[in-house]
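Subject: Structure for you to look at, with notes

Dear colleague,

Here is the structure I promised to pass on to you. Please open it beside this message, so that you can find each residue as you read.

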Amino acid sequence: MFPSLAQRPWHVFCRVSLQHRSLSQRSPRFPQLCYGWQSGGIHSLWFSLPDCRVASFGHGKVQYYCTSGSSKDGSTTSASGDAPTEKNAPKSEKRTPASPGTTTQGLSKAETIQVKVRAVLKKREYGAKYTQNNFITAVRAMNEFCLKPSDLEQLRKIRRRSPHDDTEAFTVFLRSDVEAKALDVWGSHEALARERKLRKEVEREYQENIFRNQQLLKEYKDFWGNTKPRSGKRGTFLQGPGKVVMVAICINGLNFFFKLLAWVYTGSASMFSEAIHSLADTCNQALLALGISQSVRNPDAVHPYGFSNMRYIASLISGVGIFMMGAGLSWYHGIMGLLHPEPIESLLWAYCILAGSLVSEGATLLVAINEIKKSAQQQGVSFYEYVMQSRDPSTNVVLLEDAAAVLGVVMAAGCMGLTSLTGNPYYDSLGSLGVGTLLGTVSAFLIYTNTEALLGRSIQAERVQKLTEFLENDPAVRAIHDVKATDMGLSKVRFKAEVDFDGRVVTRSYLEKQDIDQILNDIQQVKTPEELENFMLKHGENIIDTLGAEVDRLEKELKQRNPEVRHVDLEIL
């Protein structure tokens with residue numbers, strides 16, 4: 001081999017074809033050292049090839065590709081031609097001796113090395129012109145290019161697989177055809193831009209008129225009475241969490257009124273804390289009712305996943321309200337009672353009101369407990385798990401508030417009893433501090449659980465495993481990766497996973513719907529790389545559509561078998 005080649009890195013892609021020449025035509029010396037490869041072309045080089053049996057010399061033609069286009073000294077060599085003879089060689093260059101053990105006598109022929117080269121299609125550069133083949137729907141064509149349905153009837157129509165569950169296929173148009181038609185209709189890009197601007201102004205005026213008409217219609221209904229049938233929102237307050245919240249609002253409102261009268265009559269700090277407690281419960285449960293009514297709204301363009309999180313938001317604000325109004329005022333009144341104790345009047349009426357409050361709060365607590373038991377049984381979890389995971393935030397708030405109310409009534413009654421027996425008002429102030437601490441604990445729990453829900457927590461590992469196994473048992477799926485199943489509230493789950501599909505199964509699914517004889521005939525007619533490319537492009541696009549259909553099938557079956565899964569996002573790995 002050339003001594004210089006041993007010093008150079010062989011980072012090139014070569015196709016070599018050695019042609020035999022007689023040894024008598026061998027040049028007496030090598031032309032020059034090869035310090036770099038040219039950027040293309042064919043060179044004739046003399047070099048020795050070591051063989052395990054004989055050492056032979058041959059004359060070879062080397063076709064190569066490289067990023068380097070100059071020799072070591074910066075000069076450019078010829079792209080083709082035979083090796084120079086001895087008289088053309090530089091005088092300063094010495095003859096390179098043959099390697100020891102290599103002779104030219106007794107060798108009758110040189111060995112031929114054949115390298116098979118794989119044909120590779122030229123890499124195609126995709127520019128902006130290629131995207132003119134993109135598809136566009138009829139709605140976008142009319143909105144973005146200001147066309148009429150009659151204009152689209154003259155264009156080429158293409159049936160494509162629909163992304164929606166309620167339809168199997170829909171019609172699209174080539175974007176290039178739509179743009180050409182728009183220019184034909186409007187004459188120029190400037191005229192089209194002016195028409196778009198005009199239509200946007202008309203649309204804005206239309207939206208303003210809709211809002212104005214809605215206001216007028218509301219005023220008309222308020223004046224003449226609304227005869228429209230009751231909406232489904234009101235039905236939410238007749239059952240489930242809505243029923244629990246409405247019952248709690250009525251009872252806590254009455255409790256606040258009577259406790260306030262008792263505090264005005266007796267001046268008890270514990271009674272004041274209980275009145276504030278009932279007021280905070282009433283306000284918070286009214287906020288919960290608002291959250292429930294908003295959570296059943298249908299999704300819109302701004303909120304595509306709906307408003308189910310409104311219950312968690314309302315419960316979070318409710319927890320903050322309990323802490324500030326309930327715990328804060330109770331602590332304040334208790335501390336003021338310790339610093340400035342005052343004698344307490346007759347507590348008879350206070351005991352009667354506390355007894356009535358205990359009964360009413362207990363009744364509301366039982367309603368909340370029964371509702372949570374029923375919901376926990378439907379979802380297959382225990383009562384404790386249902387409460388700790390805040391599955392139904394509205395019912396949880398009612399449950400905890402009423403439980404705190406019952407304990408607070410018992411605590412207030414006990415401290416007031418000690419004050420009556422001993423005549424020491426400090427016990428009553430300590431009772432107010434105890435009620436405030438109880439409310440602070442409840443509010444902290446509500447804030448924590450609802451914050452966790454709003455951050456997006458995963459469902460139970462058992463349910464995730466069940467969904468994953470369903471997908472892995474499908475023949476078209478090889479593996480499932482990066483599974484995320486998020487609880488969206490109101491027993492709604494969003495499932496996301498990356499799916500490794502089995503290309504063989506997908507391809508067989510495509511071939512089952514094709515004419516095999518026709519495909520075989522098309523294959524036999526393929527003679528050139530261009531024909532092969534067209535054949536692969538045709539069937540490759542159809543196989544991609546088949547893969548999309550497999551994704552839609554899996555998403556549909558997953559929703560049907562698991563009704564709680566409302567949104568499925570399967571990404572192809």
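The notes below go through the nonpolar cores, a buried charge, a surface patch and the salt bridges. Please keep in mind throughout that this is a predicted model.

I will begin with the interior. In soluble globular proteins, nonpolar side chains tend to be buried together. The largest nonpolar core here has 28 residues, and the members that touch the most other members are V245, L288, V398, L399, L439 and L446. At least two residues of this core come from each of α6, α7 (269-295), α8 (310-339), α9 (348-379), α10 (383-388), α11 and α12 (426-455), and the greatest contribution is that of α11, which gives six residues. If you would like to look at one member in detail, L399 is in contact with L365, A368, I369, I372, F383 and V387, once its neighbours within four places in sequence are left aside. There is also a second, separate core, which has 22 residues, including L467, A485, A497 and V551.

Helix α11, which spans residues 393-422, also holds D402. This residue is buried and yet has no salt bridge, since the nearest side chain of opposite charge, that of K259, is 9.3 Å away, whereas a salt bridge requires the nitrogen and oxygen atoms to lie within 4 Å. Residues that D402 does touch, not counting those up to four places away in sequence, are N252, Q285, E361, T364 and L365.

Not every nonpolar side chain in the model is hidden, however, and a surface patch shows this. L254, F257, F258 and L261 together make a nonpolar surface patch of about 410 Å². One of these residues, L254, lies in helix α6, which covers residues 240-266, and L254 counts as exposed because its relative accessibility is 53%, where the cut-off for exposed is over 50%.

Let me turn now to the charged pairs. Side chains of opposite charge can pair when their charged atoms come close. A search of the whole structure finds 16 salt bridges, and I describe some of them here.

In the pair of E144 and R140, the closest N and O atoms are 2.8 Å apart. Both residues belong to helix α1 (residues 138-145), and because they are four residues apart they are separated by about one helical turn. E144 is partly exposed, with a relative accessible area of 29%, and R140 is likewise partly exposed, with a value of 38%.

The salt bridge between K496 and D482 has its closest N and O atoms 2.6 Å apart. This pair links distant parts of the chain, for K496 is in strand β8 (residues 492-501) and D482 is in strand β7 (residues 477-489), 14 residues apart. K496 counts as buried at 15% relative accessibility, while D482 is partly exposed, with a relative accessible area of 37%.

E550 and R553 also form a salt bridge, with the closest N and O atoms 2.6 Å apart. They are three residues apart in helix α16 (residues 529-561), which means that about one helical turn separates them. E550 is buried, with a relative accessible area of 12%, whereas R553 counts as partly exposed at 27%. These two residues are linked with D474 and E557 in a network of salt bridges.

With best wishes

Note on methods. Residues numbered from 1 in each chain as written. Predicted model: local features only at pLDDT ≥ 70, side-chain atom pairs only at ≥ 80, totals over all residues. Heavy atoms only, no water. Patch = residues over 30% accessible without salt bridge, like charges linked within 9 Å, V, L, I, M, F, W, Y side chains within 5 Å. Areas by Shrake-Rupley, 256 points an atom, 1.4 Å probe, with all protein chains shown as cover. Buried < 20%, exposed > 50% of the residue type's maximum accessible area, 1.4 Å probe, protein only. Lys, Arg positive; Asp, Glu negative; His and termini not counted. Contact = heavy atoms within 4.5 Å. Core = buried A, V, L, I, M, F, W, Y, C linked by side-chain atoms within 4.5 Å.
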